[in-house]
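Me: I'm new to reading structures, and I would like a close look at one part of this one. Could you pick a part and walk me through its surroundings step by step, in one connected answer?

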Amino acid sequence: MALFPSTHIPGRRVLAGVSVVLLLAAACGDDDDDTVSDVGSDDTNATQLEGTDWVLSADAPLGVALEAIAVTAQFEDGKVSGHSGCNRYSASYALDGDSLTIGPDIAGTNMACPPAQMAVEQAYLGRLPKVAEYAIDGDTLTMTDDGGDTILRFEATDPTQAIQGAWEATSYYAGT
């Protein structure tokens, strides 16, 4: 007895979803500009805290190996959310100049993941409430604690570049 028969619809839906994302990325992409510019709400072309997709940098001082584990943050309207290594998270934040307060309450999903992902998630979520200030230099967001020590470092990403590389669509779902 086959566990996944050839008519397994959810797999086709996943492939269809990936196909749609690829088509949208191709339609929205701009081959002439691979930089993160025009991010933010003003005309200075400076990367802004809000409205930017941030990915935790490989050199972030977490105290555990980040390896290929994605940790993200998006700041919008007083809420920071993203992927914490295993689960999705959300917390409130407040800005006052270059002062940044996150939490203290952080909500999240509660899935179990391999130990490396769980270690990254615990280290990351443990640091968020310790953030006292932030600074953006180019496309790098650095968060420091009240002693001025760097505790998190992010890089701005361009969501239209999230699916990179050569792709070949082998089928698509037409809805029937």
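Reply: Let's start with a definition: two strands pair if DSSP finds at least two bridges between them. Keep in mind that this is a predicted model. The part I have picked is helix α2 (residues 115-127), and the strands that help to cover its buried residues are a good way in.

β1 (53-56) and β2 (72-76) are among the elements that cover the buried residues of α2. These two strands run antiparallel, and three bridges join them. Within this pairing, D53 stands opposite Q74 in β2. β2 also pairs with strand β3 (residues 79-83), again in the antiparallel sense and over three bridges. There, Q74 stands opposite S81 in β3. The hairpin of β2 and β3 has two residues between the strands, and D77 takes a positive phi near 50° in it.

Now to the helix itself. A quick check of its length: at 1.5 Å a residue, the 13 residues of α2 should span 18 Å, and the C-alpha atoms at its ends are indeed 18 Å apart, so expectation and model agree.

Which residues of α2 are buried? They are V120, E121, A123, Y124 and R127. Looking down the axis of α2, you would find these buried residues within an arc of 170°, so they line one face of the helix. The idea behind this is easy to remember: an α-helix has 3.6 residues a turn, so residues three or four places apart point the same way. On the face of α2 turned away from the buried side, you find the exposed residues P115 and Q122. The cover over the buried residues includes β4 and β8 as well as the two strands we began with.

Y124 deserves a closer look, and its ring is a good place to begin. A pair of aromatic rings is described by the distance of the centres and the angle of the planes. The structure holds three aromatic pairs. One of them joins Y89 and Y124: the centres are 5.5 Å apart with 70° between the planes, an edge-to-face arrangement. This pair links distant parts of the chain, since Y89 is in strand β4 (residues 88-96) and Y124 is in helix α2, 35 residues apart. Both of these tyrosines are buried.

Y124 has another partner, F154. Their ring centres lie 6.2 Å apart and their planes meet at 75°, so this pair is edge-to-face too. It also links distant parts of the chain: F154 belongs to strand β8 (residues 150-157), and 30 residues separate it from Y124 in α2. F154 is buried, as is Y124. Put together, the ring pairs link Y89, Y124 and F154 into a cluster.

Let's step back to the core. The largest nonpolar core has 28 residues, and Y124 and F154 are among those with the most contacts inside it, along with L56, F75, I102, M143 and L152. The elements giving two or more residues to this core are β1, β2, β4, β5 (99-108), α2, β7 and β8. β8 gives the most, with four residues.

L56 brings us back to the helix: leaving out residues up to four places away in sequence, L56 touches L62, L66, V71, Y124, L152, R153 and F154. In short, Y124 is one of the buried residues of α2, a member of the ring cluster and a contact of L56.

Conventions. Residues numbered from 1 in each chain as written. Predicted model: local features only at pLDDT ≥ 70, side-chain atom pairs only at ≥ 80, totals over all residues. Heavy atoms only, no water. Phe/Tyr/Trp six-rings, centres within 6.5 Å; stacked < 30°, edge-to-face > 60°. Buried < 20%, exposed > 50% of the residue type's maximum accessible area, 1.4 Å probe, protein only. Expected span 1.5 Å × (residues − 1). Arc of directions from axis to C-beta. Contact = heavy atoms within 4.5 Å. Core = buried A, V, L, I, M, F, W, Y, C linked by side-chain atoms within 4.5 Å.
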